[in-house]
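Reader: I've got a structure on my screen and some time before my next gel. Could you walk me through it?

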Amino acid sequence: MASRSFSEGWGAEFIAPDRVRFRLWATAHDTISLRLAGQDTAMTPVGDGWFTCEVSGVAPGAEYQFVLSDGTAIADPASRAQKADVNGPSLVVDPSGYAWQHPEWAGRPWEETVVYELHIGTFTPEGTFQAAIARLPELASLGITMIEVMPVSQFSGNRGWGYDGVLLYATHSAYGTPDDFRAFVDAAHGQGLSVVLDIVLNHFGPEGNYLPRLSPDFFHKERMTPWGAGIAYDIDAVRRYITDAPLYWLTAFNLDGLRFDAIDQIKDSADKHILIEIAGRIRNEITQRPIHLTTEDSRNVIFLHPREADGSAPLFTGEWNDDFHNAVHVFATGETHAYYQDFADYPEKQVARILAEGFAYQGEVSAQTGETRGVDSRGQPPVAFVDFIQNHDQVGNRAQGERLIALAGAERTKVLLATLLLSPHIPLMFMGEEYGETNPFLFFTDFHGDLARAVREGRAQEFAGHAGHEEGSVPDPNDEETFLRSKLDWQKADTEEGQRWLALCKTLLALRQEYIVPLLASAGGHAGKIIATAEGFLAVSWRFPAGTLSLALNIGEDPQPLPDLPGKTLFALPDAAETLTRNAVIVRLAQGDTQ
């Protein structure tokens, strides 16, 4: 399988079987040396802050560093792999050296997608790419079609969520080698599973980021993000670093797509926004298989997710729909603090609107911020929205990392899971959700010294004064026990209760693939309609060229009469009846042309 050339960009690249070109942008330095095999070689300045050096006799796995004019040796900011941590030597990597076992993989269409989000470090006891491979057949047999891997770019220490990466092109060494990640993707493809990677293009982590010392202009110090200075996407060398990275991951690892984290923090003044440039390049350069690109964006915008007349996505495929999670969370738990206050009033109406139209906030004023948020989303097809009732963010950003099952109870969670998996939106499940995992997913890091202290104290202050959180009760992110508590307990899947959860998920996902997926390829906008709402109750329907799908659920105390829902019952929990009792859901389908 051919590997794309990035010879005009950053980093180390083979230009012949044993000859490597090294490139670095370092505007703050007059001289830069390459340290390779114990020898320092002066790199050649080629203008505009770029330094280059070509060396023969280099084999994959060779260690190297860049030496600054003050004698400091640093990792390659575009390192493809590290020997160990972010501050140590980088390794020369040949992406074409891996022998793919499933080179015929042609991908899967978006409408079939059922996403399973996982964190490599906590997915298995070992916490490695290789160990995760053993679990892939179970996910495939369950009905999962896509694995979404939380960020794996190299970050400081061994433990972390991955959103503090500093070497954007390097696989995290604690998880394994680049070829180990390729083996994971390869094995997933062998099971019929797509693999997408979560990438972070909006900031760098606080430890091991040497870019400010190399080229201070890499960042706009006058523009801050929640995590530090904003990236200067308008600078050519910076833009090259950022735009090449997604293509590198897609081509070097044969990935099926990417999830772009917090894109509302990607501020670009160029005529063509960098995200549109990235998506356009991907669409133009990878045409032999479907590539699925999703975004996370609190603004509730749709300009990045247009559709062609045939339903294809020329830019980004779908949007993480935080509105769905937040409204469902308030609906199920009654919590209304922080951003949940936007959904405090009549949450069942909010959930119904989201299911029918896409977003809850389509230009209304947010109670949390006092500002308008969102645009009209009714014209978007249902598959433009990726919904979830829990994910790494919404679980892990709670002080105690509780999963929904611990907050809403098993029976109510099952109703919401059925709603998630049988709606025409694209569903996402968080690892362990399929067997009713109750272990928390906490916020964990592996920092040291003053940085560790600052993170620990900042986390405690974040929840100070919150109901139920006494002083000293917030787990220390840097304590290894916090990380270990977040690992999945796969033994639960083998219990009687775990087996019941798995059976429910398998049933729901089989129904989705048989009855709902065929509706979605031709699904357009303006498909949904709210039928009825009452306290704890909602009913929604969607009209498609191939049929009408209807869903009603009740998690309220009072029984609710079942509206007139056309067609046959696909699923009912408990058994179908004329009245929906507490913690009940029913889904019906009337097949045939209903337009």
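Reader: Let's start with Ser-473: is it buried, exposed or partly exposed?

Author: This is a predicted model, so take the values as computed ones. Ser-473 sits in the loop between helix H13 (449-462) and helix H14 (480-485). Its relative accessibility is 28%, and the partly exposed class runs between 20% and 50%. So Ser-473 counts as partly exposed.

Reader: How far apart in space are Ser-473 and Gly-160?

Author: Along the sequence, 313 residues separate Ser-473 from Gly-160. In space, C-alpha to C-alpha, the distance is 20 Å.

Reader: Now Glu-126. Which residues does it touch, leaving aside neighbours within four places in sequence?

Author: Glu-126 is in the loop between helix H1 (120-123) and helix H2 (129-133). With 54% relative accessibility, it counts as exposed, since the cut-off is over 50%. One partner comes from far along the chain: Lys-487 is 361 residues away, with 9.7 Å between the C-alpha atoms. Leaving aside those neighbours, the contacts of Glu-126 are Ala-131 and Lys-487.

Reader: And Gln-65, buried or exposed?

Author: Gln-65 belongs to strand E7 (residues 63-67). Not counting residues up to four places away in sequence, it touches Ser-33, Leu-34, Arg-35, Ala-73, Ile-74, Asn-87, Gly-88 and Pro-89. Its relative accessible area is 13%, and the cut-off is under 20%, so Gln-65 is buried.

Reader: What is the phi of Asp-48?

Author: Look in the loop between strand E5 (44-47) and strand E6 (50-56) for Asp-48. At 71% relative accessibility, it counts as exposed. Asp-48 is not a glycine, yet its phi is positive, at about 60 degrees.

Reader: Then what about Ala-338: what value does its phi take?

Author: Ala-338 is in the loop between H8 and H9. Its relative accessibility of 38% makes it count as partly exposed. Ala-338 is a residue other than glycine with a positive phi, near 50 degrees.

Reader: Why is helix H9 described as largely enclosed by the rest of the structure?

Author: Several elements provide cover for the buried residues of H9, including helix H8 (322-333), helix H12 (410-422) and strand E25 (537-544). Those buried residues are Pro-347, Glu-348, Gln-350, Val-351, Ala-352, Ile-354, Leu-355, Ala-356 and Glu-357. H9 (residues 347-357) is largely enclosed because, of its 11 residues, the number buried is nine.

Reader: Which residue just after H9 takes a positive phi?

Author: The phi there is about 115 degrees. The residue just after H9 that takes this positive value is Gly-358.

Reader: What is the omega of the peptide bond from Leu-573 to Pro-574?

Author: Pro-574 lies in the loop between strand E28 (568-573) and strand E29 (579-580). The peptide bond from Leu-573 to Pro-574 is cis, with omega near -10 degrees.

Reader: Helices next. At what angle do the axes of H6 and H7 cross?

Author: The axes of helix H6 (residues 236-252) and helix H7 (residues 274-285) come within 10 Å. On the H6 side the contact includes Arg-239, Ile-242 and Leu-250, and on the H7 side Ile-274, Ile-278 and Glu-285 are among them. By class, the contact residues are seven nonpolar, one polar and five charged. The crossing is right-handed, and its angle is roughly 35 degrees.

Reader: How many charged residues line the largest cavity?

Author: The volume of the largest cavity is about 100 Å³. It is lined by 15 residues, with Ser-153, Gly-165, Leu-168, Val-200 and His-203 nearest its centre. Strand E13 (residues 165-171) gives the most to this lining, with four residues. The lining holds 11 nonpolar residues and four polar ones, and the number of charged residues is zero, that is, no charged.

Reader: How much space lies in the second largest pocket?

Author: The second largest pocket is lined by 27 residues, and Trp-110, Arg-307, Gly-311, Ser-312 and Ala-313 are the closest to its centre. By class, its lining has 12 nonpolar, nine polar and six charged residues. The space in this second largest pocket is about 550 Å³.

Terms used:
Residues numbered from 1 in each chain as written. Predicted model: local features only at pLDDT ≥ 70, side-chain atom pairs only at ≥ 80, totals over all residues. Heavy atoms only, no water. Axes fitted to C-alpha atoms, helices over the stretch in contact; angles between N-to-C directions. Helix = DSSP H or I, 4+ residues; strand = E, 2+ residues; numbered from the N terminus. Left-handed = near helix turned anticlockwise from the far one by under 90°. Contact = heavy atoms within 4.5 Å. Nonpolar A, V, L, I, M, F, W, Y, C, P; charged D, E, K, R; others polar. 1 Å grid on protein atoms, 1.4 Å probe; cavity = no way out; pocket = protein on both sides within 12 Å on 5 of 7 lines; lining within 4 Å. Points joined across faces, edges and corners; volume = space filled by probe spheres on them. Buried < 20%, exposed > 50% of the residue type's maximum accessible area, 1.4 Å probe, protein only.
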